[in-house]
Amino acid sequence: MPSTLTLTLAPADAPQSGTLIALLAEGQEPKGQLARLLAQAGLEWPRVAKAGNFTGKSGQSLDLVAPKGLDSDRLIVCGAGKAEEGAWADRGGAVMARLAAAKAETATVLLDGLAPETVADIAAGLTLRHYRWDKHRAKKPDDPGPALAISLGVDDEKRARTALDDRLATVAGTLLARDLVHEPPNLLGTLEFAARAHELTALGVSVEELDGAEMERLGMGALLGVAQGSARPPRLVIMRWQGGKKDAPPVAFVGKGVVFDSGGISIKQAQGMEDMKGDMAGAAAVTGLMHTLAMRKARLNVVGVIGLVENMPSGTAMRPGDVLTAMNGTTIEIVNTDAEGRLVLADALWYTQDRFKPRAMINLATLTGAIGVALGADHAGLFSNNDELATQLLAAGLLSGEKLWRMPLGPYYDKLIESRFADIKNSGGRPAGAVTAASFLKCFVNDVPWAHLDIAAAALGSPSTETNAAWASGFGVALLDRLVRDHFEAK
Ligand code: BES
Ligand code: MN
Ligand code: ZN
């Protein structure tokens, strides 16, 4: 795919060259601009569709090259699936895939007859699918050219512009999260990540940082236990966006930011260990979300807290058998140093609710391999102590396309992390691995409405969707932006 994308808006009937592309749902006849262009090229619709086996199913497309009577090189009709099924961003993603396959450099997407919000969703899909990570290739892929210019042909440019700008703020956050996750761990350590978070000050976010000594004073023994094996110092970064009333309690988002997870003394196998550069995807999603909310000047108060550490084996690393004391006084027996994310979150969660008294607190973490065993990459795991918040999150998942599946909590699982030597242990072993990790986090949450999202499989490893062709998906930004818009933001 080309490396830069420019999106512009134009009236649907503006003169067009390059590639023309339109969406057509199952069982629908071409209307508006598409109908006019087909007629102009002398193409009789039911006959063309029949000859091309085109019924409008998603995945189908009809490629009419060098159409007579048109200035364009080709006219592509893309199947949009069932008209009543939402997912317009997915359709935008499919359009981008077609444009890339056609090696288009200039294209017009015909979007007349569609609402401004739908146009914005399609534009989001185009942008998200176009994304690729080539920053560290000295030799840039040049297929088919350096730039793709897309004009969106719409009915009402002004209304489309407003909807588009709003929607592209969400996309920008998702792409920032993807960028952070893709960065190699030698180049994005704890301090480099913190510096990236500081860049949000340009958007009006206030950014604060706690170093190891300050965390020591606060008694964050769990987070510091993970950090102690690494040459890189830990950081707790606090990002605040004050878009609401001055003293209104914020919504809090907390992210696991393990910049590299070797497993520590309980070291991981070599196969696939490189993927553990992405063990900060929760922190990346929180940072991306803060970027989005500030960019679109969201009308609420938000705090984003990320715990940045590296999990390494060394002479100073924590050991299996060690007992750590978390900020809330809970003692933790370490039985596996690879169950480190929950230790980072333990102190980050406690600190966040203690200091900010949030209305709701949601954490994101690439916490367990077990969540991928349970759900694959199609849903992230949702654990919550609050049915209302859980319901709102499930709804935001369906609307954003970043789906969640609710998992249980309860005394059976709590029992699995009881320790012989301390209050709790940091792993309950293989059975219900994702659930016992959530049980562990629950020990560091009081009665604030809280949800834990285990995004280990949804955020990493090329979870293939219509809106992502890259390794990291940026999972969580669109979901939580939707949640905020629908349930927490002043209208
Ligand atoms: N970061 C991993 C979880 C993970 C696995 C994220 C695969 C992304 C892809 C986490 O720190 C971890 O190592 N979890 C262990 C827990 C176990 C030791 C109880 C796991 O899932 O095996
Ligand atoms: Mn680990
Ligand atoms: Zn980890």
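**Exercise 1. Place Arg36 in the fold and find its side-chain partner**.

Start with the secondary structure: Arg36 belongs to helix 1, residues 32–40 (helices are DSSP runs of H or I with at least four residues, strands are E runs of at least two, and both are numbered from the N terminus). A word on the ground rules: this is a predicted model, in which local features need pLDDT of at least 70, side-chain atom pairs count only at pLDDT 80 or more, and totals for chains, interfaces and linings use all residues. Residues are numbered from 1 along each chain, chains are lettered from A and ligands numbered from 1 in the order written, and side-chain values use heavy atoms, without hydrogens and water.

Next, look for the partner: the side chains of Arg36 and Gln33 share a polar contact of 3.0 Å (a pair of N or O atoms within 3.5 Å; within protein, one must be able to donate a hydrogen and the other to accept it, and residues adjacent in sequence count only if both atoms are side-chain atoms).

Finally, step away: Gly204 is 168 residues from Arg36 along the chain, and their C-alpha atoms are 47 Å apart.

**Exercise 2. Work out the strand order of the open three-stranded sheet**.

First, read the order, which is 11-12-16, with mixed pairing. Then pick the edges: strand 11 (323–325) and strand 16 (424–425) each pair on one side only (pairing takes at least two DSSP bridges between two strands). Now check one pair: strand 12, residues 331–333, runs parallel to strand 16 over two bridges. In that register, Glu333 stands opposite Lys425 of strand 16.

**Exercise 3. Find polar partners of ligand 1**.

Begin with the side chains: an N or O atom of Asp261 lies 2.9 Å from a ligand oxygen, and a polar atom of Lys268 is 2.8 Å from a ligand oxygen. Then turn to the backbone, where a polar atom of Thr366 is 3.4 Å from a ligand nitrogen.
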